[in-house]
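Biologist: Could you take me on a close look at one part of this protein, the nonpolar core, and then show me how its surroundings are put together?

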Amino acid sequence: QAGEYEVTKRTTMRVSVLVLAGLSSAVAFAPCLPSAGPAHRAALSLRMASTSVGKTAQVPAGERLVTKIDGEDVLVINNKDTVYAISPKCPHLGLPMKSGEISDDGSGPCITCKFHNSKFKLADGKATEWTEGVMGIPGTKMLGTISGMIGGKAYSPATVYDIAVTDGEIFVDTSKTGKSGASTVAAV
């Protein structure tokens, strides 16, 4: 329950508690101290909103897993021992990208929507190609261009989520978007 609580005679903190899908909890402490500087407030802040989606052994290199977090589908992809979390819905028309081809032209791994051949970087969601064809059929660039005029704004990024690996367990935080990617290889 949110509210202000007396922690000591000199410090009052606002406490917010949020339970996510019964799997994890987020607790944010925001000091209500006018004299506390930004560094002090940051040090007192605690936020843990990540949800465990399984062990790295469940998503070996080259595999993927679709899971639900807060009612939304999340696609977890292991590409060469780095896991990424992305919305499986293409930003063009919302069609599924769950089985999209993973490729890497040297600038980082991408997923291609099989419906209109739009391509998105797994690390940041950036669209590198937009509606380049239809269903992977050669010679359909013109149809792809026309279909790109409807739906989402051209070159809209895919939504990627913060992901971390701790002790062989994969955690996804859907409240943090724009950057994804975590090694599944334990540091030595």
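**The core and its surroundings**

Modeller: Happy to! The largest nonpolar core has 15 residues, and the ones that touch the most other members are Ile-77, Ile-86, Met-97, Ile-111, Phe-120 and Leu-122. Two elements, β6 (72-79) and β7, give two or more residues to this core. Please keep in mind that this is a predicted model.

Met-97 is a good place to stop. Leaving aside neighbours within four places in sequence, Met-97 is in contact with Ile-86, Ile-111 and Phe-120, among others. The list of contacts also includes Arg-64, Ser-87, Lys-89, Cys-90 and Cys-113. As general background, nonpolar side chains tend to be buried together in soluble globular proteins.

Apart from the largest core lies another one, of 12 residues, with Ile-69, Val-74, Val-83 and Ile-170 among them.

Now to the strands. Ile-86, one of the core residues named above, stands opposite Val-160 in β12. The strands concerned are β7 (residues 82-86) and β12 (residues 160-166), which pair in the antiparallel sense over two bridges. From there you can step on to β13 (residues 169-177), which pairs with β12, again in the antiparallel sense, over six bridges. One of the facing pairs is Val-165 with its bridge partner Ile-170 in β13, and Ile-170 is also among the residues of the 12-residue core. β12 and β13 form a hairpin with two residues between them, and in the turn Asp-167 has a positive phi of about 50 degrees.

Phe-120 leads us to another set of strands. Strand β10 covers residues 119-121 and pairs with β11 in the antiparallel sense over two bridges. Lys-119 has Glu-129 in β11 as its bridge partner. Both strands belong to an open sheet of four strands, in the order β8-β9-β10-β11, with antiparallel pairing. The edge strands, each pairing on one side only, are β8 (101-104) and β11 (127-129). On average, neighbouring strands of this sheet are turned by 35 degrees against each other, direction ignored.

Charged side chains add some links of their own. A search of the whole structure finds five salt bridges. In one of them, Glu-169 meets Lys-55, with the closest N and O atoms 3.2 Å apart. Glu-169 lies in strand β13 and Lys-55 in strand β4 (residues 51-55), so this pair ties together parts that are 114 residues apart in sequence. Glu-169 is partly exposed, with a relative accessible area of 22%, and Lys-55 is partly exposed too, at 40%.

Another salt bridge joins the side chains of Asp-73 and Lys-98, at 3.7 Å from N to O. Since Asp-73 lies in strand β6 and Lys-98 in the loop between β7 and β8, the pair ties together parts that are 25 residues apart in sequence. Asp-73 has a relative accessible area of 23% and is partly exposed, while Lys-98 counts as partly exposed at 35%. Lys-68 joins in as well: Lys-68, Asp-73 and Lys-98 are linked in a network of salt bridges.

To step back for a moment, the chain has two helices and 14 strands. Of its 188 residues, 35% count as buried.

Note on methods:
Residues are numbered from 1 along each chain as its sequence is written. This is a predicted model: local features need pLDDT of at least 70, side-chain atom pairs count only at pLDDT 80 or more; totals for chains, interfaces and linings use all residues. Side-chain values use heavy atoms; hydrogens and water are left out. Buried means under 20% relative accessible area, exposed over 50%, partly exposed in between (1.4 Å probe, protein chains only). Two strands pair if DSSP finds at least two bridges between them. Axes are lines fitted to C-alpha atoms, for helices over the stretch in contact, and angles run from 0 to 180 degrees between N-to-C directions. A nonpolar core is a set of buried Ala, Val, Leu, Ile, Met, Phe, Trp, Tyr and Cys residues joined through side-chain atoms within 4.5 Å. Contact means heavy atoms within 4.5 Å. A salt bridge is a side-chain nitrogen of Lys or Arg within 4 Å of a carboxyl oxygen of Asp or Glu.
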